[in-house]
Amino acid sequence: ELAWPVLWKLSLVTVCVGFFAAAGIGYHLTRRVEAPVIDFIGNVRSAAGADFSKRFAKAGFNGLEDLRVFYNRMAHAIEKRLCAVQGSAVEMEKSCEKVSRLAAKKTLTLADIEQLKKEIMGIEGAELKARRELARFKV
């Protein structure tokens, strides 16, 4: 007769401790899964804004490791190609400015004509380089 109240209280304490332990473990496991996913979403948002410099620091668990590796490779490749295209655009702009200055002259010397040829070839080379980099985007 004395055992029932003690057993009932012990059962109640055991259930409460078990519930809070399960909740704590569940929270911890959820955070381990959720944190890398939130990080991934932030990186994808940055990439959508043309900022490919963000990388995954680490995956929270093995299931995201491949995703982390491939995302970082993709972001690096895109960033590298965009930098090359932007560099080509800068080269073309500089050459176009020089061509415009030379074309504005009323008379051209032989040296001016050679410089024009050089600048036009530079524009063509930069355009070819940009086209090659853009062709690597398989869209």
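This is a short talk on a predicted model of one protein, going from its overall form down to single residues.

Hi everyone, thanks for coming. Let me begin with the fold. The protein has three helices and zero strands, and from the N terminus the order of elements is simply α-α-α. How spread out is the protein, judged by its radius of gyration? That radius is 32 Å, while the globule rule gives 14 Å for 139 residues, so the protein is more spread out than a compact globule. The extents of the C-alpha trace add to that picture: along the principal axes it spans about 120 × 25 × 20 Å.

Now the surface. About 10,800 Å² of the protein is exposed, and carbon and sulfur atoms supply 66% of that area. Of the 139 residues, 19% count as buried. As for contacts, take those between residues at least 6 apart in sequence: 54% of them join residues at least 24 apart.

So where do the buried nonpolar residues gather? As background, nonpolar side chains in soluble globular proteins tend to be buried together. Here, the largest nonpolar core has six residues: Ala47, Phe52, Phe56, Tyr71, Ala75 and Ile78. Helix α2 gives the largest share of this core, with three residues.

Let me stay with one member of that core, Phe56. You will find Phe56 in the loop between α1 and α2. Is Phe56 buried or exposed? Its relative accessible area is 8%, and the cut-off for buried is under 20%, so Phe56 counts as buried. Which residues does Phe56 touch, once those up to four places away in sequence are set aside? They are Pro36, Asp39, Phe40, Asn43, Leu67, Arg68, Tyr71 and Asn72. Tyr71, you may remember, is also in the core. For a sense of distance, look from Phe56 to Arg101: the two are 45 residues apart along the chain, and their C-alpha atoms are separated by 47 Å.

Ala75 is another core residue. Again leaving out residues up to four places away, Ala75 touches Phe52, Lys54 and Arg55. Phe52 is itself part of the core.

Lys54 turns up once more, this time beside a serine. Ser46 sits in helix α1, which covers residues 3-48. With its neighbours within four places in sequence left aside, Ser46 is in contact with Asp51 and Lys54. The relative accessible area of Ser46 is 14%, so this serine is buried.

There is a second serine I would like to show you. Ser95 belongs to helix α2, residues 65-103. Ser95 is buried as well, at 9% relative accessible area. Beyond residues up to four places away in sequence, Ser95 touches Glu119 and Ile123.

Back to the outside for a moment. Val33, Val37 and Ile41 form a nonpolar patch on the surface, and together they have about 210 Å² of accessible area. Of these, Ile41 lies in helix α1 and is partly exposed, with a relative accessible area of 39%.

Last topic: charges. How many salt bridges does a search of the whole structure find? The answer is five, and I will go through some of them.

One pairs Lys105 with Asp112, with the closest N and O atoms 3.2 Å apart. The two partners sit in unlike surroundings: Lys105 is partly exposed at 40% relative accessible area, whereas Asp112 counts as buried at 11%.

Another joins the side chains of Arg131 and Glu127, at 2.9 Å from N to O. Both residues lie in helix α3, residues 110-135, and they are four residues apart, about one turn of the helix. Arg131 has 54% relative accessibility and counts as exposed, while Glu127, at 32%, counts as partly exposed.

The third one I picked links Arg136 to Glu133, and here the closest N and O atoms are 3.5 Å apart. Arg136 is partly exposed at 45% relative accessibility, but Glu133 is buried, with 13%.

To wrap up, we have a three-helix protein without strands, a nonpolar core of six residues, and a total of five salt bridges. Thanks for listening, and I am happy to go back to any of these residues on the screen.

Terms used
Residues are numbered from 1 along each chain as its sequence is written. This is a predicted model: local features need pLDDT of at least 70, side-chain atom pairs count only at pLDDT 80 or more; totals for chains, interfaces and linings use all residues. Side-chain values use heavy atoms; hydrogens and water are left out. Helices (H or I, at least four residues) and strands (E, at least two) are DSSP runs, numbered from the N terminus. Buried means under 20% relative accessible area, exposed over 50%, partly exposed in between (1.4 Å probe, protein chains only). Contact means heavy atoms within 4.5 Å. A salt bridge is a side-chain nitrogen of Lys or Arg within 4 Å of a carboxyl oxygen of Asp or Glu. Patches are made of residues with over 30% relative accessible area and no salt bridge: like charges are joined within 9 Å, nonpolar side chains (Val, Leu, Ile, Met, Phe, Trp, Tyr) within 5 Å. Accessible areas come from the Shrake-Rupley method with a 1.4 Å probe; for residues, only the protein chains shown count as cover. A nonpolar core is a set of buried Ala, Val, Leu, Ile, Met, Phe, Trp, Tyr and Cys residues joined through side-chain atoms within 4.5 Å. The radius of gyration is taken over C-alpha atoms; the globule rule is 2.2 Å times the number of residues to the power 0.38.
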